[in-house]
Amino acid sequence: MAAPMSPHDAPALIALHGTCSLLTDDGELLSLPLAVARARLRGMPPPLVIHGPATARRLGLPAPEHPAPWFDLLELFAFVCPATSAAPTARGLARALDLSDSRTGRAEADLLPVLMTELLARAAAQASRPAGADMAALLVPLAQARWPWAAPLREAMGLPPGPPRFDAVQPGDALRVWRQLPKWEETAQRPPPGSQPVTPTQARTRLDQLRGPQAEARAGQADFASVATHAFAPRAHIGDPQVLLAEAGTGTGKTLGYLAPASVWAEQNDGAVWISTYTKHLQRQIEAETTRLHADDTVRRQHVVVRKGRENYLCLLNMEDWVNTVLNRGRDASPGALITLCLIARWATASRDGDLMGGDLPGWFGDLMGAGQVAALADRRGECIHGACPHYQRCFVEHSIRRARHADLVIANHALVMAQAAWASPAGIADLPVEQEDNTPTRYVFDEGHHIADAADGAFATEFSGLEAAELRRWLLGAEGGRSRARGLRRRLDDLVVGFKRLEEPLDDALRAARALPAPGWSARLADERPPDDARPAPDDVAPAATLLDGLMAPVDKTPNPSEVFLRHLRAQVLARARGSDRSGKAAQHATALECDLHPIGDDLSGAARGLGRALSTLADPLRVLARRLHERLDEDADTLDSASRGRIEAAIRTLHRRALSRLDGWVAMLEAVDAPRPDGMTPTWVDFIRLDRREGQRAGEHDVGLHRHWLDPTTPFAATLASTAHGLLITSATLRDRTTGTEDDAEAAWDAAEERVGAQHLPSPAVRASLSSPFDYARQTRAFVVEDVAHDDPEALAAAYRSLFLAAGGGALGLFTAIARLRAVHRRIAPTLDDAGLPLYAQHVDALDNATLVDIFRTEIDSCLLGTDAMRDGIDVPGRALRLVAFERVPWPRPDILHRERRIHLSHGNASAYDDRIAQLRLRQAFGRLVRVRDDRGVFVLLDRRTPSRLFSAFPEGVVVERAGLADTVARVADFLKQDA
């Protein structure tokens, strides 16, 4: 491409999978095949594009490094409109900029200059506002990095050429965003909440206020709000919460239905209700509904808080490290890193809460600028130094924690809630300081409650794997060579322990013992079957740095690394016993994971487990001593410790328990049970198995190996740790139960199964059950088909079926898959044809975009198509014509792995087939539930699996008749039914 020029004279380009929309520099709008467009671009000046990396991929070109040879409107949007969401398409940007539909037109390449003009005008309007000074300062390093938009922005903002004035904001100051962020201040601890109940009348009155006078009343919503008050009644006995299981059919409006009583209870009892849902995207959907409670943003921030794990937020210390690195390199700094840093700085000062993952940083930003750079800005390795951090009082995470302590509604996700419950359960928790990170809630609402068991399974499982153990070693010892900035435990606790021999000794002992964990390079040694030795010199975090001569003369430690010995024997057993490994003992190339039972266990693996257990105990003991002595120092030095040091010590104790001791204790307990006798005929508490994971793609090969321990029933620890400490639980979903045939026995059995899935049967008192039917007329609004003449094992036939169905629907189609490989195979075969028909195709596991962004595009581009797996099956909300067809490639049977096998045996009450059916039916119900989201929706559900048994048809709503037909007949009937809604 030619040298950079003014974007006002640039051509504009939108590349799809098969064609391009091209606006030439002389104003001619063309539709060209990709090959022709690629050839024309070679002689053209840099074009206007939206999402340059995706454009390059579609053109079959390698994505160049920044600064890229194009004017990317997403980069301009990120600078001018930071912390603003927009689908990364022409129509998506137009909607985010509030452009009228008359200006949007067909959203082809001729819209791009309109979008650019609007964005530059908005930049000009901000020049005289407070943000304008920072924008002007950031344009200096951006110009240094040769960012294409730097000069057009300076011109639009009326900035003079050359460096900024002496009295202006300096570029380095604009990058040091932590200086501009507000500080949190400590407040008095919130008193315990009251126990006043919420009456049905109060709940209905609040619901009417939330809906507004013009809103259409939803059938069942007021009834839902009334019955939901049961979860907010006072608890009568300790360990016996008020529990409500409420199945609310799609369209009931359950979000407002539970927000009404929850907000009333919070106000009159001065307490917080924690609302937990399954995904981060759904958290934001629930938060959006709270605008009905508090329209003013400032007021809403006081009353409503979104909480996620620490690894989701911008770490200001990591940001400072990056800023210093870039500024110290001066003109030698990487242009790409400098551009990314400036755009992150713009976002950080505008962000509501610093949420990098699913918050107000657009989901496409990582693909645009580099996902690795964005991830490196978060604390994803548990290295937070809490009170020792110079930015502690400006920390986004600490802000959200403190806001949550005084909020009315805390919107969390199941993973965080379960993780907090799991953290509270290990032995030794009594050593923690009394003050907790969050006030313990007494009332919970679990939306998408059918995922409770899955979330509990992940939180309460124990896994000793190479990756997990190596990560703990890195947390303890820091970077052992390489260019990593990882801080070891010594550096994080440096000034707290130096000079205190009682603290230094256990720290030194622990760091020496940490060498029993897998050393750098463990994976290569394991795969190459090299000796599992750790002959590396001790890192600086273990002992004072030695001279080079000392290092050369020191004897090499040839003691086998006990972790690597254990991992080697795990690998040998799984390769020997797992289905899917070939005669050479190597895993089959197509297998993404191999599993085998731990028992019967060989003598070699048994001995390795005992040796590793001793080594891990040797590591845990001094860490426990260190935590205890740090706690003692809080008392012994109470009269000399300042508040900051005291806070740091408390944080250090919590972190030692959460990050290291809870994990080590779980590993030791699991290893000690390896040789325990296994009584015949008794239902096991845990399921133990070995798993060898493989990496797909260009770097295919063994990825990790480990010993896994899962609760047979993961709702057992959920009930013991969280449900039993709560006062009230509302568990709701559109799919808590199987649909029954209508007999009393079937209805009772369906509720019993629902209680088992959420753990209610482990609580002393029975749950109150409620069912609210969907207000939709599914018999009129939907059609359902099973296609009988598509071979399930023929990728060409499957792709042809998807292609025909998507074309018949005219887009607005969601294709669901039970296997990523089949999704990719279908995408590859159908994308060009759909593009030729003007139906853009997007796909999870193909497009380098997060799921929320893909859904935003799908919702915005109403004739687009989307392929996805289970994340797209559950919980996405796409009302209207944007989603009018759901096509599922196979019956979503449970994965036939060891864990499912054991649960099928012991939890199915002797009816294993019904257990499998129930799982498949609930998944089909979730998939079907994507179709109709509002009263006027119409849609078709197609299952491309001729083997589908008729007994599964009870998964579909009453009135829906599932028809078996050939593909041609189905395609014709899909087109005819949806044509009525066009």
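Leaving aside neighbours within four places in sequence, methionine 319 is in contact with Leu175, Val177, Trp178, Leu314, Leu341, Ile344, Ala345 and Leu377. That makes a handy way into this predicted model, since Met319 is listed among the residues with the most contacts inside the largest nonpolar core. Here's a quick tour, starting from that core and working through the overall build and a few local spots.

**The nonpolar cores**

- The largest nonpolar core has 112 residues.
- Besides Met319, the residues with the most contacts inside this core are Leu73, Phe79, Leu115, Trp147, Leu153 and Phe941.
- Helix H16, which runs over residues 335-350, gives this core its largest share, 10 residues.
- Another core lies apart from the one around Met319 and has 59 residues, including Phe566, Ala608, Leu630 and Met670.

**Overall build**

- The protein has 39 helices and 23 strands.
- How does the radius of gyration sit with that of a compact globule? With 982 residues, such a globule would come out near 30 Å, and the protein has 29 Å, so the two agree.
- Taken along the principal axes, the box that the C-alpha atoms fill is roughly 80 × 75 × 70 Å.
- Of the 982 residues, 55% are buried.
- If you look at contacts with a separation of 6 or more, 76% of them are between residues 24 or more positions apart.

**Surface and charge**

- About 41,000 Å² of the protein is exposed, and carbon and sulfur atoms supply 51% of that area.
- There are 116 positive and 128 negative charges in the protein.
- The mean positions of those two sets of charges are 2 Å apart.

**Two cis prolines**

- The peptide bond from His66 to Pro67 is cis, and its omega is near 0°.
- You'll find Pro67 in the loop between helix H2 (52-58) and strand S5 (71-72).
- The bond from His599 to Pro600 is cis too, again with omega near 0°.
- Pro600 sits in the loop between strand S12 (593-597) and helix H28 (603-636).

**Positive phi outside glycine**

- Ala83 has a phi near 60°, a positive value in a residue other than glycine.
- Where is alanine 83 found? Look in the loop between helix H3 (73-80) and helix H4 (90-96).
- With a relative accessible area of 21%, Ala83 counts as partly exposed, because buried means under 20%.
- His909 isn't a glycine either, yet its phi is positive at about 55°.
- The loop that holds His909 runs between helix H37 (898-907) and helix H38 (912-928).
- Is histidine 909 buried or exposed? His909 has 64% relative accessibility, so it counts as exposed.

**A buried arginine**

- Arg206 is part of helix H10, which covers residues 200-211.
- Arg206 has a relative accessible area of 14%, so this arginine is buried.
- Which residues does arginine 206 touch, not counting those up to four places away in sequence? They are Ala260, Ser263, Val264, Glu267 and Leu293.

Note on methods
Residues numbered from 1 in each chain as written. Predicted model: local features only at pLDDT ≥ 70, side-chain atom pairs only at ≥ 80, totals over all residues. Heavy atoms only, no water. Helix = DSSP H or I, 4+ residues; strand = E, 2+ residues; numbered from the N terminus. Rg over C-alpha atoms; globule rule 2.2 N^0.38 Å. Buried < 20%, exposed > 50% of the residue type's maximum accessible area, 1.4 Å probe, protein only. Contact = heavy atoms within 4.5 Å. Areas by Shrake-Rupley, 256 points an atom, 1.4 Å probe, with all protein chains shown as cover. Lys, Arg positive; Asp, Glu negative; His and termini not counted. Charge placed at Lys NZ, Arg CZ, Asp CG, Glu CD. Core = buried A, V, L, I, M, F, W, Y, C linked by side-chain atoms within 4.5 Å.
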